[in-house]
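Visitor: I've got a structure open and I'd like to learn how to read its features one at a time. Could you walk me through it?

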Amino acid sequence: MPSTEHRTEHDLLGERAIPQHAYYGIHTLRAVENFPISGTPIGRHPDLIVALATVKQAAAVANRQLGLLDGDLAAAIVAACQEIRDGRLHGEFVVDMIQGGAGTSTNMNANEVIANRALELLGQPRGAYHALHPNEHVNLGQSTNDVYPTALRLAAHAGAQRLLAAMEQLRCSFSAKADEFAGVMKMGRTQLQDAVPMTLGQEFRSYAVMLADDQARLAEAAALLGEINLGATAIGTGINCHPEYASLVRRALSGLSGVTLTTAPDLIAATQDVGAFVQLSGVLKRAALKLSKICNDLRLLSSGPRAGLGEIRLPPMQAGSSIMPGKVNPVIPEVVNQIAFEVLGNDVTISFAAEGGQLQLNAFEPIIAYALFNSIAHLDAGCRVLASRCVDGISANAGHLQAQVDNSIGLATALNPFIGYEAATRLAQDALASGRGVRQLVLELDLLSPSELERVLQPASLTRPRPVAAA
């Protein structure tokens, strides 16, 4: 008597018992056994699962239009795909993100889940592949080598859109602080040494501008993901698919996904080329490193509270030490620093994987996907946390900042056009040696009158270009 708890499926290696409740099949089962690598199943990346279902749905629509897929079968596949796009059955996508086979296990996991759900919709039991088959029907006119990279592109595009929104939230936070601190004077620094005065608002404005620049670069990189190779099948020759399939499936996929898509002009080149992923990873690295630099600045500027720079105060998030009472650490910038380190490492991984491709296919797209999706997701979270749990709550130590400006020898630079470089240099040296302020020495040495000095050192003159008399 057959078991009610299992069903039997077969492949080229033989037969296996599949749990009756499972929507996946024998190919997925073997992949789960073969690749216990990262512990991260593809189902934990909803963008990828939705993208796979959308590709399969578009393929069913195109094949139905071409008369290659029976209407009832196509309708069942489309309905199953739509359920997955709506969030159902993601727990059935169980193969590991890191896998051999160039993504075949991921593609077959999708084919089997969609086929078995479609069979249910047709009133058939799971595993009744004589009625609707994962390869013959769900994968009709397709190969892993065009389905998988197309799904990766759609998933990365979706993640990039969320990251752009997170970066915009952070940019707005820095911009708001720039407005708040517009009138707060401080000393700028180069090579950690006193340079010339600026406002704290100018410092925070520069962070907003840096983020906006990276947003533009990310949008450009995301646009490159719109070129797909669907219709290439195995190596780009389009074997086993209809001549009109590539155009029809691209049109259907664009409509379903809402992403403007184009078919690559040379599908053989496109099937082996992962350059768009390399480009995107490079932009993520660029953004991550600049974010890390900004976080380094925030940690420096808030260092202390009494034995450091102490120019700004970060909002206290948690106790900082198990032994030092009252200590509060800059934990939010620190976690963003660590995200940046990870993104940098992921970019190295992606670069090696891209270089490792051979002949008509890159077999290492699974590790590219794993690294890329982690970079996007963690940068997204990092930007949002940095904005809401750090930047929005920063306050300025305005009195301390003004005192530093008044006592800094950097004021001597502002006097160059009025007393000459040599005199300004001696003034700076005297101030440093004596511990007295530049203002005090200028007046003592009668280099400028009190009114002239106030005019020269007013904030508006110190923090922006001004007319200078010819030498």
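Guide: Sure, let's start with a term: a salt bridge is a side-chain nitrogen of Lys or Arg within 4 Å of a carboxyl oxygen of Asp or Glu. Keep in mind that this is a predicted model. Here, Arg436 and Glu444 make such a pair through their side chains, at 2.7 Å from N to O.

Visitor: Are Arg436 and Glu444 buried or exposed, or something in between?

Guide: In between. Buried means under 20% relative accessible area and exposed means over 50%. Arg436 has 34% relative accessibility, so it counts as partly exposed. Glu444, at 45%, is partly exposed too.

Visitor: Which residues do salt bridges with shared partners join into one network?

Guide: Asp213, Asp214, Arg217, Glu220, Arg286 and Lys290 are linked that way.

Visitor: And how many salt bridges does the count come to?

Guide: The count is 26. The general idea is simple: side chains of opposite charge can pair when their charged atoms come close. One case is Glu9 with Arg7, whose closest N and O atoms are 2.8 Å apart. Both of those residues are buried.

Visitor: What does the salt bridge between Glu203 and Lys186 tie together?

Guide: First the geometry: the side chains of Glu203 and Lys186 meet at 2.7 Å, N to O. Glu203 sits in helix α7 (residues 200–224) and Lys186 in strand β3, so the pair ties together parts that are 17 residues apart in sequence. Check accessibility as well: Glu203 is at 13%, so it counts as buried. Lys186 is at 1%, so it is buried too.

Visitor: You mentioned β3. How do I read its pairing with β4, and in which sense do they run?

Guide: For strand pairing, look at the direction and then the bridges. Strand β3 (residues 185–190) pairs with strand β4 (residues 193–199) in the antiparallel sense, over five bridges. Following individual partners helps: Met185 is bridged to Thr199 of β4, and Lys186 to Met198. That is the Lys186 that forms the salt bridge with Glu203.

Visitor: What about the turn of that hairpin: which residue takes a positive phi?

Guide: Gln191 does, with phi near 55°; the hairpin has two residues between its strands.

Visitor: Now a contact question. What does Ile339 touch, leaving out residues up to four places away in sequence?

Guide: For contacts, place the residue before you list its neighbours. Ile339 belongs to helix α11 (residues 331–355). At 14% relative accessibility, Ile339 counts as buried. Ile339 touches His378, Leu379 and Gly382, with residues up to four places away left out. Of these, Gly382 is 43 residues from Ile339 along the chain, yet their C-alpha atoms are separated by 7.2 Å.

Visitor: Let's finish with a polar side chain. Where is Asn362 found?

Guide: Asn362 is in the loop between α11 and α12 (365–389). With 1% relative accessibility, Asn362 counts as buried. For a polar side chain like this, look for backbone oxygens as partners. The Asn362 side chain reaches the backbone oxygen of Ala353 at 3.0 Å. A polar atom of that side chain also lies 3.4 Å from the backbone oxygen of Ala354.

Visitor: And which residues does Asn362 touch, not counting those up to four places away in sequence?

Guide: Those two alanines, Ala353 and Ala354, are on the list, along with Ala102, Thr271, Gln272, Val274 and Gly357.

Key. Residues numbered from 1 in each chain as written. Predicted model: local features only at pLDDT ≥ 70, side-chain atom pairs only at ≥ 80, totals over all residues. Heavy atoms only, no water. Pairing = 2+ DSSP bridges. Helix = DSSP H or I, 4+ residues; strand = E, 2+ residues; numbered from the N terminus. Buried < 20%, exposed > 50% of the residue type's maximum accessible area, 1.4 Å probe, protein only. Contact = heavy atoms within 4.5 Å. Polar contact = N/O pair within 3.5 Å; in protein donor to acceptor, adjacent residues only side chain to side chain.
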